Amino acid sequence: MRIGVIGVAGRMGSLIAEEVLAAGHALSGGTERAGSGHVIPEGVRVFDDVPALAAASDAVIDFTHAAVAAVHAEALAASSSAWILGTTGLSPADDAAVARAAQRIPVVQSPNFGPGVTLLLALAEQLGAALPAAKYDAEILEMHHNQKVDAPSGTAVGLGRAVARGRGVRLEDVMASGRDGHTGPRQPGAIGFAALRGGNVVGEHTVLFAAGAEHIALTHRAFDRRMFATGAVRAAAWTEGKPPGLYSMKDVMGVG
Ligand code: NAD
């Protein structure tokens, strides 16, 4: 398969280019924003713009910036390339542009292309559905490096949403985050969050169901951002022969 990488000199873009080749695909080339200061990986053919890259590719992978998501949506909708979109921070208007493009081409969009986290999300939802909220207290624990500025992490919130979905409730109605001081006893059915910060931890997430007689905990530890690149390439390969539509990493993993 011919796979192109938009923003090929970015941190994710350069890892994705490596993973395209490691998976035995043809790297059609990439684009890079003029004056970005990033160094193009050696041997990568650079195209002038996204339409030119798309014309030479069966799928393009895009981990760039929300500011260009709608522009890319319009360009790719007019192409016959699939679009693997990992950029985060999209506005509702950007999401609408992505959905319009998905009427023309296969689009796989996910805030986390890690195959392991995708499975963890699916399992969290299953456990949420299977274990009664009145008996099993759900807590989500995450740890990240000391430079992370927001908490809880997007993935932790995603896990909370998955448990809430399994329980048929809205996370917003049951979220218990940042406990401190005299908080009173735990509310039945609450989904709790705790965030640790320290060192250079790439990302650790645990979803814990605690009952009087047993605990069940699932933990995912990320050691390297490369897992996102591996997942994105897997998603690109999965689009081969797929009809237009908006797909997620769950669809790619067969747990949707
Ligand atoms: P980075 O800054 O290293 O690279 C960004 C790339 O986008 C560069 O190639 C840069 O030139 C390009 N770019 C930035 N602004 C642009 C603009 N206005 N127009 C065109 N190109 C532009 O960043 P990164 O760490 O590689 O992350 C890129 C994106 O991927 C972020 O949105 C990040 O949150 C997201 N991300 C998603 C996942 C996932 O699994 N979905 C995982 C990791 C990162």
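In this predicted model, Thr 87 touches a run of residues that sit elsewhere in the sequence: leaving aside residues up to four places away, its contacts are Asp 62, Phe 63, Thr 64, His 65 and Ala 66. Two of these partners also turn up when polar atoms are considered. The side chain of Thr 87 comes to 2.9 Å from the backbone nitrogen of Thr 64. A polar atom of that Thr 87 side chain also lies 3.4 Å from the backbone oxygen of Asp 62. So with Thr 64 the backbone partner is a nitrogen, and with Asp 62 the backbone partner is an oxygen.

As for where Thr 87 sits, the residue belongs to the loop that runs between strand 4 (82-85) and helix 4 (92-101). Is this loop residue buried or exposed? Thr 87 has a relative accessible area of 9%, and because the cut-off for buried is under 20%, Thr 87 counts as buried.

Ala 222 offers a second local picture, this time in a strand. The residue is part of strand 10, which covers residues 215-222. Its relative accessibility is 8%, so Ala 222 is buried too. Which residues does Ala 222 touch, once those up to four places away in sequence are set aside? The contacts are Val 202, Gly 203 and Met 227. For one of them, Gly 203, the C-alpha lies 5.3 Å from the C-alpha of Ala 222, although 19 residues separate the pair in sequence.

Stepping back to the whole protein chain, the secondary structure adds up to nine helices and eleven strands. The radius of gyration is 20 Å, close to the 18 Å that the globule rule gives for 256 residues, so the chain is as compact as a globular protein of that length. Along the principal axes, the C-alpha atoms fill a box of roughly 60 × 40 × 35 Å.

Contacts across the sequence can be put in numbers as well. Taking contacts between residues at least 6 apart in sequence, 67% join residues at least 24 apart. Burial can be given for the chain too: 48% of the 256 residues count as buried, and Thr 87 and Ala 222 are among them.

That leaves the surface and the charges. The accessible surface of the protein chain is about 12700 Å², with 53% of that area belonging to carbon and sulfur atoms. On the charge side, there are 21 positive and 24 negative side chains. How far apart do the centres of the two sets lie? The separation between them comes to 4 Å.

Methods:
Residues numbered from 1 in each chain as written. Predicted model: local features only at pLDDT ≥ 70, side-chain atom pairs only at ≥ 80, totals over all residues. Heavy atoms only, no water. Helix = DSSP H or I, 4+ residues; strand = E, 2+ residues; numbered from the N terminus. Rg over C-alpha atoms; globule rule 2.2 N^0.38 Å. Buried < 20%, exposed > 50% of the residue type's maximum accessible area, 1.4 Å probe, protein only. Contact = heavy atoms within 4.5 Å. Areas by Shrake-Rupley, 256 points an atom, 1.4 Å probe, with all protein chains shown as cover. Lys, Arg positive; Asp, Glu negative; His and termini not counted. Charge placed at Lys NZ, Arg CZ, Asp CG, Glu CD. Polar contact = N/O pair within 3.5 Å; in protein donor to acceptor, adjacent residues only side chain to side chain.
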